[in-house]
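Here are my notes on the model you sent over. I've gone through it point by point, so keep the viewer open as you read.

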Amino acid sequence: MARKIVMTSGKGGVGKTTVCCNLGVQLARLGYRVIVCDLDFGLNNADVALGVENLALYDLTDAVEGKCRPKQALTRHPRYPTLSVLPSNRVADRYVSPQAVRLILDSLAPQADFILLDSPAGIEEGFHRAASCAEEAILVTTPHVSAMRDADRVAGMLTNYRFSRTGLVVNLARKDMARRGDVLSPGEIASLLRVPLLGAVPEEDKLYLDNIAERSRPFREIASRLLGAETPVRRKLFCFGRKR
Ligand SMILES: Nc1ncnc2c1ncn2[C@@H]1O[C@H](COP(=O)(O)OP(=O)(O)O)[C@@H](O)[C@H]1O
Ligand SMILES: [Mg+2]
């Protein structure tokens, strides 16, 4: 039965979709059956990030409305056979209830190991719909003050969902600036938000080009922590301690 994990942040543009898709790729590379489910209705881009936007025949709303079976709404990734994308429709003109999404995901869960839910920015309906479909959460933030403030708000809201696990990913982490004390280190951000650190991702050139950094060590390490492997937290990479 799949672990359902929602990516959330409050603020837009901090890397939810990037983390969701790259994590999906890393888990699929390890042989796990992964469904990346896009719950960012209207502004969906997980299919684009994974390069399958032209392959999808149906989307989540089609499955909810009974136009196809849940399995038919999945687009299999041509490069990673155990990775599928469940896109949402580009036009958010049809209401999709959390219960309807849960039903679709529950019917797909026995055939997957992970269902990664990409959620929209904000703390409104879309956030709640995505959070209510998951059992675990990954909070994504950057070291920027505005992103951390939103993440703090979301971290508080996540406690209402009683997730079995919640982890933090600090995206666009800046080792150099953390060393100088110009920004908080990922470890400090995790303490501030009181969410265990799952990993930190620096700015990666590759992600500008095609969104997927297949050989990215940070995403590999986040995947292995998610799997429970007690990968020692590489202080150099993940807890950029300030020089004393
Ligand atoms: N670590 C990173 N390095 C380089 N570019 C990144 C990184 N993380 C995200 N991006 C880029 O930033 C933009 C916003 O990221 P995205 O994942 O779409 O944010 P969100 O889903 O939270 O709105 C995208 O163009 C993405 O490719
Ligand atoms: Mg997104």
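1. A quick definition before the sheet: two strands count as paired when DSSP finds at least two bridges between them. On that basis S2 (residues 34-38) and S4 (residues 83-86) are a pair, running parallel with four bridges. Within this pairing, Val-36 has Val-85 of S4 as its bridge partner. Bear in mind throughout that this is a predicted model.

2. Now the whole sheet. It is open, has eight strands and mixed pairing, and reads S3-S4-S2-S5-S1-S6-S7-S8 in order. The edges are taken by S3 (75-76) and S8 (197-202); each has a single partner strand, so one side of each is left without a neighbour in the sheet. As a reminder, strands in a sheet pair through backbone hydrogen bonds, and the sense can be parallel or antiparallel.

3. Have a look at S5 next. Is this strand enclosed or open to the outside? Five of its five residues are buried, so S5 is largely enclosed by the rest of the structure. Phe-114, Leu-116 and Asp-118 point one way, while Ile-115 and Leu-117 point the other, and all of them are buried. Note that Asp-118 is in that buried list.

4. S5 has a parallel partner on either hand. S1 and S5 are joined by five bridges and run parallel, with Ile-5 opposite Leu-116 of S5. S2 and S5 also pair in the parallel sense, over five bridges, and here Ile-35 stands opposite Ile-115.

5. Two helices to check against the strands. H6 (residues 145-158) lies across S1, S6 and S7, and runs at about 165° to S6. Met-148 sits in H6 and counts as buried, because 22 other C-beta atoms lie within 10 Å and the cut-off for burial is 20 or more. Setting aside neighbours within four places in sequence, Met-148 is in contact with Thr-141 and Ile-189. By contrast, Met-148 and Ala-112 are 36 residues apart in sequence and 32 Å apart in space, C-alpha to C-alpha.

6. The other helix is H1, and Gln-26 is a residue to click on there. Gln-26 is buried, with 26 other C-beta atoms within 10 Å. Which residues does Gln-26 contact, leaving aside its neighbours within four places in sequence? They are Phe-219, Arg-220 and Ala-223, and these three are listed among the buried residues of H10. The C-alpha atoms of Gln-26 and Arg-90 are separated by 26 Å, with their positions 64 residues apart along the chain.

7. That brings us to H10 (residues 217-226). Seven of its ten residues are buried, so the helix is largely enclosed by the rest of the structure. Pro-218, Phe-219, Ile-222 and Leu-226 are among those buried, and so are Arg-220 and Glu-221. Just after H10 comes Gly-228, with a positive phi near 100°.

8. On the nonpolar core: the largest one has 78 residues, and Val-36, Ile-115, Leu-116, Leu-117 and Leu-139 touch the most other members. H1 contributes the largest share of this core, with seven residues. If you want one residue to explore, try Leu-139: beyond neighbours within four places in sequence, its contacts include Thr-8, Ser-9, Ala-151, Val-154, Leu-168 and Val-195.

9. Ligand 1 is worth a close look. Its surroundings comprise 17 residues, the closest being Gly-15, Lys-16, Thr-17, Thr-18 and Leu-207. H1 (16-29), S7 (165-173) and H9 (205-210) each supply at least two residues of this shell, and H1 gives the most, with three. By class, the shell has six nonpolar, eight polar and three charged residues.

10. Last, a residue at the other end of the burial scale. Ser-164 lies in the loop between H6 and S7 and counts as exposed, with 11 C-beta neighbours inside 10 Å. Ser-164 contacts Glu-135 and Glu-136, once neighbours within four places in sequence are left aside. Ser-164 and Ala-134 are 30 residues apart along the chain, and their C-alpha atoms are separated by 9.6 Å.

Definitions and conventions. Residues are numbered from 1 along each chain as its sequence is written. Chains are lettered from A and ligands numbered from 1 in the order in which they are written. This is a predicted model: local features need pLDDT of at least 70, side-chain atom pairs count only at pLDDT 80 or more; totals for chains, interfaces and linings use all residues. A residue is near a molecule or strand if its C-beta atom, placed from the backbone, lies within 6 Å of it. Ala, Val, Leu, Ile, Met, Phe, Trp, Tyr, Cys and Pro count as nonpolar, Asp, Glu, Lys and Arg as charged, and the others, Gly among them, as polar. A residue is buried if 20 or more other C-beta atoms lie within 10 Å of its own, exposed if 12 or fewer, and partly exposed in between; C-beta atoms are placed from the backbone. A nonpolar core is a set of buried Ala, Val, Leu, Ile, Met, Phe, Trp, Tyr and Cys residues joined through C-beta atoms within 7 Å. Two residues are in contact if their C-beta atoms, placed from the backbone, lie within 7 Å. Axes are lines fitted to C-alpha atoms, for helices over the stretch in contact, and angles run from 0 to 180 degrees between N-to-C directions.
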